[in-house]
Amino acid sequence: MRVDAPEPREFRAVPGQVHAVHVNVTLGNMGFEEFAAAASRAPDQVLRAF
């Protein structure tokens, strides 16, 4: 993640989603920003599913 990345710069995920985030970011299928944006749309700001 870039230091100058726009908000949100962090997000929380339920344990079952951590592997999916890791794999997709590592492979380049999705960017960190996409996961962070999805989490920020959740009422409790936690990524539960994508």
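**Exercise 1. How many salt bridges does the structure hold?** Find the partners and say how exposed they are.

*Solution.* Keep in mind as you work that this is a predicted model.
- Step 1: The structure holds one salt bridge.
- Step 2: Its partners are Asp44 and Arg48, whose closest N and O atoms are 2.6 Å apart. A salt bridge needs these atoms within 4 Å, so the pair qualifies.
- Step 3: Side chains of opposite charge can pair when their charged atoms come close.
- Step 4: Asp44 has a relative accessibility of 32% and is partly exposed. Arg48, at 48%, is partly exposed too.

**Exercise 2. Is Gln17 buried or exposed?** Then describe its surroundings.

*Solution.*
- Step 1: Locate the residue: Gln17 belongs to helix α1, which spans residues 15-27.
- Step 2: The relative accessible area of Gln17 is 17%. Buried means under 20%, so Gln17 is buried.
- Step 3: Leaving out residues up to four places away in sequence, Gln17 touches Leu47, Arg48, Ala49 and Phe50.
- Step 4: Look at Arg48 once more: its backbone oxygen lies 3.3 Å from a polar atom of the Gln17 side chain.

**Exercise 3. Which residues make up the largest nonpolar core?** Work out how α2 takes part.

*Solution.*
- Step 1: The core has six residues: Val21, Met30, Phe35, Ala38, Ala39 and Leu47.
- Step 2: Helix α2 gives the most to this core, with three residues.
- Step 3: Now list the buried residues of α2, which are Phe35, Ala36, Ala38 and Ala39. These residues cover an arc of only 160 degrees around the axis, so they sit on the same side of α2.
- Step 4: A general rule helps here: an α-helix has 3.6 residues a turn, so residues three or four places apart point the same way.
- Step 5: Ask what covers these buried residues: the cover includes β1, α1 and β2 (46-47). Take Ala38 as an example: beyond its neighbours within four places in sequence, Ala38 is in contact with Leu47 and Phe50.

**Exercise 4. How many aromatic pairs does the count come to?** Classify what you find.

*Solution.*
- Step 1: The count comes to one aromatic pair.
- Step 2: The rings belong to Phe11 and Phe32; their centres are 5.2 Å apart and their planes stand at 45 degrees, so the pair is tilted.
- Step 3: Phe11 lies in the segment before β1 (12-13) and Phe32 in helix α2 (residues 32-41), so the pair ties together parts that are 21 residues apart in sequence.
- Step 4: Finish with accessibility: Phe32, at 24%, is partly exposed.

Notes:
Residues are numbered from 1 along each chain as its sequence is written. This is a predicted model: local features need pLDDT of at least 70, side-chain atom pairs count only at pLDDT 80 or more; totals for chains, interfaces and linings use all residues. Side-chain values use heavy atoms; hydrogens and water are left out. Helices (H or I, at least four residues) and strands (E, at least two) are DSSP runs, numbered from the N terminus. Buried means under 20% relative accessible area, exposed over 50%, partly exposed in between (1.4 Å probe, protein chains only). A polar contact is a pair of N or O atoms within 3.5 Å; within protein, one must be able to donate a hydrogen and the other to accept it, and residues adjacent in sequence count only if both atoms are side-chain atoms. Contact means heavy atoms within 4.5 Å. Rings of Phe, Tyr and Trp (its six-membered ring) pair if their centres lie within 6.5 Å; planes under 30 degrees apart count as stacked, over 60 as edge-to-face and the rest as tilted. A nonpolar core is a set of buried Ala, Val, Leu, Ile, Met, Phe, Trp, Tyr and Cys residues joined through side-chain atoms within 4.5 Å. A salt bridge is a side-chain nitrogen of Lys or Arg within 4 Å of a carboxyl oxygen of Asp or Glu. The arc is that of the directions from the helix axis to the C-beta atoms.
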